[in-house]
Each structure stands twice: as structure tokens, then as C-alpha cells.
Amino acid sequence: MILAQNTSLQDALTLFWPALLQTFQMAAIVLALTTVIGVPFATYLFNVSPFGLFPRYHVYTVLSWLVSLGRSVPFLVLMAAIVPYTRALMGTGIGVRGAIVPLTLGALPVVVRLVESALRSVPPEISEVAQVSGASRLRTILVVQWPEAVPAIMTSSTIAVIGVFELIAVAGVIGAGGIGYLAISFGYNRFDNTVMLVTVVGLAAIAITIQLVGDVFARILRK
Amino acid sequence: MSAGKTYYPRGRSPVVALKPTTLDIPAGEVTAILGESGAGKTTVGRLVNGLTRPTTGSVSIDGVDISRLPHKKLIDATRKIGVIFQGSALLSRRTALENVELPLQISGAGRAARRARARELLARVGLEEKAGAYPSQLSGGQKQRVAIARALSARPDYLLADEATSGLDSETTRSILRLLRELRDDLRLTVVLITHEMDVVRELADRAVLFEGGALVEQAAVSDAARTPDSRLGRLVLPPVNIAPAPPGTTTWEVGYAREVALDWLPELSARLDARIPLLGGISEVINGHPVSRLYLAIPSGLPAQAVAGAGEALGLVLLPRGGDAPADSRKVTLAR
């Protein structure tokens, strides 16, 4: 009995390209969502912290605890646990649509912490310069905190982006599509070494490219 | 101001940053606020520039009590105060010119107007050619000059500098202090310097206020402080020095003078007291551009204290007995300037 039937490299690549496209699709949507939700949330979280513009001890404690909780749940468990909610929200629990909700939830705490720590790296005197010049809180955030935190955010966003690609690969387990799904369904379930190799090389190439691009951006921004 | 400040950190006992303190800052003068770290001097600065509100008492600027003002009015009131923060606090992603523009941008000035004003100020602090440089391309002294220009951009009446020269080498410190003095004279600014560096006080300050453990312990005109070696400020302005022990049969006397005295005063004093007077040691500093000295002399113990003090007074000197076999009550001799 033949247990393993390796696909030809050419066939493996025909499977790979659409999967790559799906992966990038998911990454784009998830990154856009986590940025839109995560950056304002992190800014609020930082500013209610004892180092922020309007410290609120209890609010900070609760929110910070929530973020930590989000980070502490393994992604695979999170994904499985919220399937009913995903279905209710997106109409499906599988495919690209089904993956968006758990991916966003999984990536959000990481993004929030990265942005929060980037904001924390801005010396408080710099915010105070704006305050004594008469800037409102919103103005201080827009004129001082965000621009000053950008280099630190850029440096750490490389980690976040690579992290999102990792999560997408994991999401392949519940049939999210993309390279992860390819690796699981062909490489793992069917012992197809060619597909496995192509997916591993593909994922590594993605991570290395992101790192290189991120480093270039960080260098440009850190004048 | 007459205010106190207590912080109430969660889960820890309250921290009294500043005990109820009354402090007046005279207009047109340079007031130095001195103290070790944790003495409360930074709290004084934050109360004055409105970054923190007092727990008790009030803070007034030009007669306006700012401690209970709503946020918007507070901003208007504190605009009179230009602030130079510790470590210059420049925005790293803005050029020198854009940094100087920041307060004007926030107060809503037009682009052309604030550009022009920022260029004028950069020229004033000697950094015209660095307008396009980012903070990382500037030296410590240059950054501080940009911070000074920024503090002046909204045409303040007051300049509050928190450790403006800490971390700079002595040459750079001197040039920054020279710049501050010129600006004070040109713009008739009232300057408040928060510092722990006595060189800053000697170079620039008219008055010194000493804080310790959150309380004001002494305040005096710097030139007066230099003449009163028994005061805390006096010891800070002119620190105690090691001196040779007085030879047998003599008493150590201290002579302090804070204005120009001809160098021939020692032979003159010798002649008046008809005694050989050896010099045991001393210290000399330049305070606010004037030499101020404290010297230790060995004067024969047989001479009456009043006579010695009188001879000194005739020469424009303040002479005080220090140790040896001088009668204790002679320590009370006080002399007019």
C-alpha cells in the first residue's frame, strides 16, 4: 500500500500560488483591522496608565488584564472556542471569511501591547512640552505621541506582521485556506513531502522578506 | 505661591512632594531653586507651569490664581511661562526649526508667521545654519539651545528651566548660561532655574532658594549668601575649604568679601593691627560676574575681637573669629556691609 505519493514540484506550485494569494488576502484584512482597532485602543490604554495623559487606575487595570488574557489563550484554543460567534458574525466558520474574526482577535492583543510599549518609550517630557504650550489631549496625541512613537512601532511591527502570518498558518487547521491549510491537508495528512517543502520554503521566504522590508523602513524613519 | 503638594500613589502611603511652602519669585530676577533630588524643587516647577495642581494653597502668576482655573484658562495663564525641560525634550522626528515652531503651531499661529519667528529665534541662539538638522544630528549644547529657542517662541515673560545644563560639559554649560543671561537682559525675563549645580547659581542667579525634604529651608540673595558662611546657602555658594591650623598664640579669623577690595588689604590690616598675619587658606569664586572670596587668617589671640573686627570694617571687610582661643561671645559680632 502506498502511504505517501509525492506530487511533482510543478503541481505543488500550482497549488501554492492560489494559497499564497489567500494568505496575503487574510494578512491584509487582519492587519488593517488590527491597526484600525488596535492603535486607538493602545493609545487609550497607554494614556489611562500611570504614565499617560489622563491616568485612570481602575480602567487601566481592567483593560490591561483583558489584553493579557487575550494573549494568554493559545490561538488554536481561541479559534475553536469562538467558532459559534464567528459563524454568527460572518455566516461561516471556515475559509478566509471564517478566519478573519479569530485572526483579528488573536493578533489584536499583540498589536496593542507593541503600540503601548512604543508609546511608553516616548519620554514624558516631550508630551509635557506640548501640554505647557497649551495642547489639548487629542492634539498632544496627534502632534507628539504618535509621530514620536512611529520609529518604535515600525521596528516592532515587523514582529507583529510575521506573527500574523504565523497565525494564518495555524488557522489552516480549521480550514482557513492559505499556505497553512495546504501544509496541513497535503503535507501533513497526505505525507506529501514536495508540498510540505514548498510551503515551508514559502513561509520562510515571507518571514525573511517582511523582516528585510521592516528593517529598511525602520532605518529610514530613525533619522 | 503658597502651596503644598501630596501625591497619593495607589497601594502605597502618600508622598509629600512639597510641604506647604510660601515662595515669591521677584520679577526681572533670576531665582535659582536648589536642592538634592527629591527635595521638592521639580514639584515647585510643575506647580508653576500648571502641569500639576496643588493639594493645598494656591499658585499665582501676575496676581492670577492658576491653581483652580479650568483647563482652558490655565493654558492661557501658563503661556506666559516658557519651559526648558531637563534633557532638552526635543521631538526626534522634527527638525530644529520645526521643534521651535511647535508651541506656535499649537497656539494656532499661521505657517509663515511661525516659520519666521522660529528662524529669528534660532538665529538668536546661534543656530541659524542648523535649522534643518534633526535632534540626533545636534550636540547636547545645540539641543539645549534649540530648547531655549522653543521656550521663547511664544514670547513668554517667564522662563522656567529644569536642570537646563545637567549632563553638559562645563564649557557648554558656561555658554548656555551666558546665553540665558543675555536673553534675560534683552527680553527682561524673569528666570527660574531649577538646579542642583552650584556653578549655575554662581554664574547666573540673583536669588537662591534651598529646598530639602519637600520644604523650603533657606532663601537669600546670592551675594548675601556668599557673605554669610554660617548659612546653608553660604556654604553651598562658597563651600568650606581645608585650612592650615592656626599657629600657637593665634586665632583663626575668617574674612569674607563680596565686592572689589584692593589686593593690598592684607598688609593694610597688618599695619592697622600692628601684627604679622599669616594666610591659612581660602576660596575665591566669581558670583554673578563679581569675585567673592573667603580667606582664613591667623591673628594674634591677644588682640581684642572688637579691635580686629573694627580694623576689618575700616577696610570694607567682614572679619569673624573661627576657633582658636577666641571668646565665644565674639561670634555674635555682626557687621554692616
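**Figure 1. The two domains of chain B sit with their centres 39 Å apart, taken over C-alpha atoms.** What we're looking at here, and in every view below, is a predicted model. The domain assignment splits chain B into domain 1, covering 2-230, and domain 2, covering 238-332. Where they meet, 6 residues of domain 1 of chain B are in contact with 11 residues of domain 2 of chain B. Helix 8 (residues 222-227) of chain B supplies the largest share of the domain 1 side, 4 residues. Sort that side of domain 1 by residue type and you get 3 nonpolar, 1 polar and 2 charged.

**Figure 2. Chain B as a whole has 11 helices and 15 strands.** Of the 337 residues in chain B, 42% are buried. Take the contacts in chain B between residues at least 6 apart in sequence, and 66% of them turn out to join residues at least 24 apart.

**Figure 3. A six-stranded open sheet in chain B.** Read across this sheet of 6 strands and the order is 7-8-9-3-10-11, with mixed pairing. Strand 7 (81-84) and strand 11 (215-221) of chain B are the edge strands; each has a single partner strand, so one side of each has no neighbour in the sheet. Going from one strand to the next, the twist averages 15 degrees. Helix 5 (residues 140-152) of chain B packs on the sheet, where it touches strand 7 and strand 8 (158-162) of chain B. The direction of helix 5 makes about 165 degrees with that of strand 7 of chain B.

**Figure 4. Zooming in on a parallel pair within the sheet: strand 3 and strand 10 of chain B.** Strand 3 spans residues 30-34 and strand 10 spans residues 207-212, and 4 bridges link the two in the parallel sense. To find your bearings, pick out Thr31(B): its bridge partner in strand 10 of chain B is Arg207(B).

**Figure 5. Helix 11 of chain B has a buried side and an exposed face.** This helix runs over residues 305-314, and its buried residues are Ala305(B), Val308(B), Ala309(B), Ala311(B) and Gly312(B). Why do they end up on the same side of helix 11 of chain B? Because they cover an arc of only 160 degrees around the axis. Their packing partners are strand 12 (250-257), helix 10 (265-273), strand 14 (290-300) and strand 15 (318-322) of chain B. Flip to the face turned away from the buried side and you'll find the exposed residues Gln306(B), Ala307(B) and Ala314(B). Just after helix 11 of chain B comes Gly316(B), with a positive phi of about 80 degrees.

**Figure 6. Two non-glycine residues of chain B with positive phi: Ser88(B) and Asp274(B).** Start with Ser88(B), whose phi is near 65 degrees. Ser88(B) belongs to the loop between strand 7 and helix 3 (96-106) of chain B. Is Ser88(B) buried or exposed? It counts as buried, because it has 25 C-beta neighbours inside 10 Å, and 20 or more is the cut-off for buried. Now hop over to Asp274(B), where phi is about 55 degrees. Asp274(B) sits in the loop between helix 10 and strand 13 (279-287) of chain B. With 9 C-beta neighbours inside 10 Å, Asp274(B) counts as exposed, a label that goes to residues with 12 or fewer.

**Figure 7. Where chain A touches chain B.** The contact draws 18 residues from chain A and 22 residues from chain B. On the chain A side, the elements giving two or more residues are helix 6 (124-132) and helix 7 (137-171) of chain A. Which element of chain A gives the most? That's helix 6 of chain A, with 7 residues. By type, the chain A side divides into 10 nonpolar, 3 polar and 5 charged residues.

**Figure 8. A loop residue of chain A, Val73(A).** Look for Val73(A) in the loop between helix 2 (57-72) and helix 3 (75-81) of chain A. Val73(A) has 15 other C-beta atoms within 10 Å, so it's partly exposed. Gly106(A) is 33 residues away from Val73(A) in sequence, yet in space the two are 8.6 Å apart, C-alpha to C-alpha.

Methods: Residues numbered from 1 in each chain as written. Chains lettered and ligands numbered in written order. Predicted model: local features only at pLDDT ≥ 70, side-chain atom pairs only at ≥ 80, totals over all residues. Pairing = 2+ DSSP bridges. Axes fitted to C-alpha atoms, helices over the stretch in contact; angles between N-to-C directions. Contact = placed C-beta atoms within 7 Å. Nonpolar A, V, L, I, M, F, W, Y, C, P; charged D, E, K, R; others polar. Domains from an automatic or database assignment. Arc of directions from axis to C-beta.
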